[in-house]
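Good morning, colleagues. Please look at the sequence and the structure on the screen while I take you through them.

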Amino acid sequence: MPEFRHIKKEAILDLLKGILLILIFSWLFYDSLAAAFFLLPFLRLWHRECRTAREQKEKEQFRKMFREWILLLSSSLSAGYSVDNAIGQSCRELQMMFPGGGIMIEELKEMLAKAENNQRPETLLSEFAERHPLEEVKSFVEVFCTARMSGGSLNAVIQNTATQMAEIMDTRREIGTLLAAKVYEQRIMTVMPAAVLLYVRVGSGEFLEGLYHNPVGILVATVCLAIYLSAYLLGKRMVQFEI
């Protein structure tokens, strides 16, 4: 329930920001707040973009917490804990590392609750992998279940998985660093057209009088706005990556 309230609060903030942007664009491009009514369909696009960005951020946070968890799990197993106790101990330590909570912690709590009903760790982790079909999670669960059935060394398996995940995350971080300048440039280029239009509107509004309140001007403004939004979406896609 707290997680649901958090998501709902963010969705409301995104909606308010979207409405504010629509009002600003209505004034800049059409000199009429009434035009905001016709721009309302863009709220759906704005909501989708905000949701995608939020999901990407949550996914990266989940990957980070998952990596830390398997390291903590490995440490608990090395200390002589059973698998069930190691999961509980690693969950408590993960909560100390991430006091703000997260999806990974909620999943571990759910696992512990089900483990009290004598459900096997293999079953719990398999269900966990179905809910979070990331490559790192699927690989870890498959190897974990295989090691449990074959009697292999769980600690060695977990250590190897953690090492591989660390390499993947380091690679992703390096790529992010290389693209950081391009992302910054893309954000600047996104703001500049609206900023220039605002500057002209405030400083020399008479230059834009022919753009407003006439059919030709409205058509030109609409075409410019469509090109602006298309360029924003294209630029954003160009600097996105997924490993």
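I shall begin with the chain as a whole and then turn to one helix and two residues.

Please bear in mind that this is a predicted model. The chain contains 9 helices and 0 strands. Its pattern along the sequence is accordingly written α-α-α-α-α-α-α-α-α. With a radius of gyration of 25 Å, well over the 18 Å given by the globule rule for 243 residues, the chain is more spread out than a compact globule. Along the principal axes, its C-alpha atoms fill a box of roughly 80 × 35 × 25 Å.

What share of the 243 residues is buried? The figure is 33%. As for contacts with a separation of 6 or more, 65% of them involve residues 24 or more positions apart. The surface that the chain exposes amounts to about 15,200 Å², and carbon and sulfur atoms supply 64% of that area. Turning to charge, there are 27 positive and 28 negative side chains, and the centres of these two sets are 3 Å apart.

Let us now consider helix 4, which covers residues 83-97. Its 15 residues should span 21 Å at 1.5 Å a residue, and the C-alpha atoms at its ends are indeed 21 Å apart, so the two values agree. Which residues of helix 4 are buried? They are V83, A86, I87, G88, Q89, S90, C91 and L94. The cover over these buried residues includes helix 3 (42-78), helix 5 (103-115) and helix 6 (121-131), together with helix 7 (135-150) and helix 8 (154-203).

From helix 8 I select one residue, Q186. Is Q186 buried or exposed? The cut-off for a buried residue is under 20% relative accessible area. Q186 has a relative accessibility of 14%, and therefore counts as buried. Beyond its neighbours within four places in sequence, Q186 makes contact with Y232, G235, K236 and V239. In addition, the C-alpha atoms of Q186 and A231 are separated by 9.9 Å, although these residues are 45 residues apart along the chain.

My last example is S26, in helix 1, which comprises residues 2-30. S26 has 0% relative accessibility, so this residue also counts as buried. Which residues does S26 touch, if those up to four places away in sequence are not counted? They are D31, S32, L33, A35, A36 and L39.

That concludes my presentation, and I thank you for your attention.

Methods
Residues are numbered from 1 along each chain as its sequence is written. This is a predicted model: local features need pLDDT of at least 70, side-chain atom pairs count only at pLDDT 80 or more; totals for chains, interfaces and linings use all residues. Side-chain values use heavy atoms; hydrogens and water are left out. Helices (H or I, at least four residues) and strands (E, at least two) are DSSP runs, numbered from the N terminus. The radius of gyration is taken over C-alpha atoms; the globule rule is 2.2 Å times the number of residues to the power 0.38. Buried means under 20% relative accessible area, exposed over 50%, partly exposed in between (1.4 Å probe, protein chains only). Contact means heavy atoms within 4.5 Å. Accessible areas come from the Shrake-Rupley method with a 1.4 Å probe; for residues, only the protein chains shown count as cover. Lys and Arg count as positive and Asp and Glu as negative; His and the chain ends are not counted. The place of a charge is taken as NZ of Lys, CZ of Arg, CG of Asp or CD of Glu. The expected span of a helix is 1.5 Å times one less than its number of residues.
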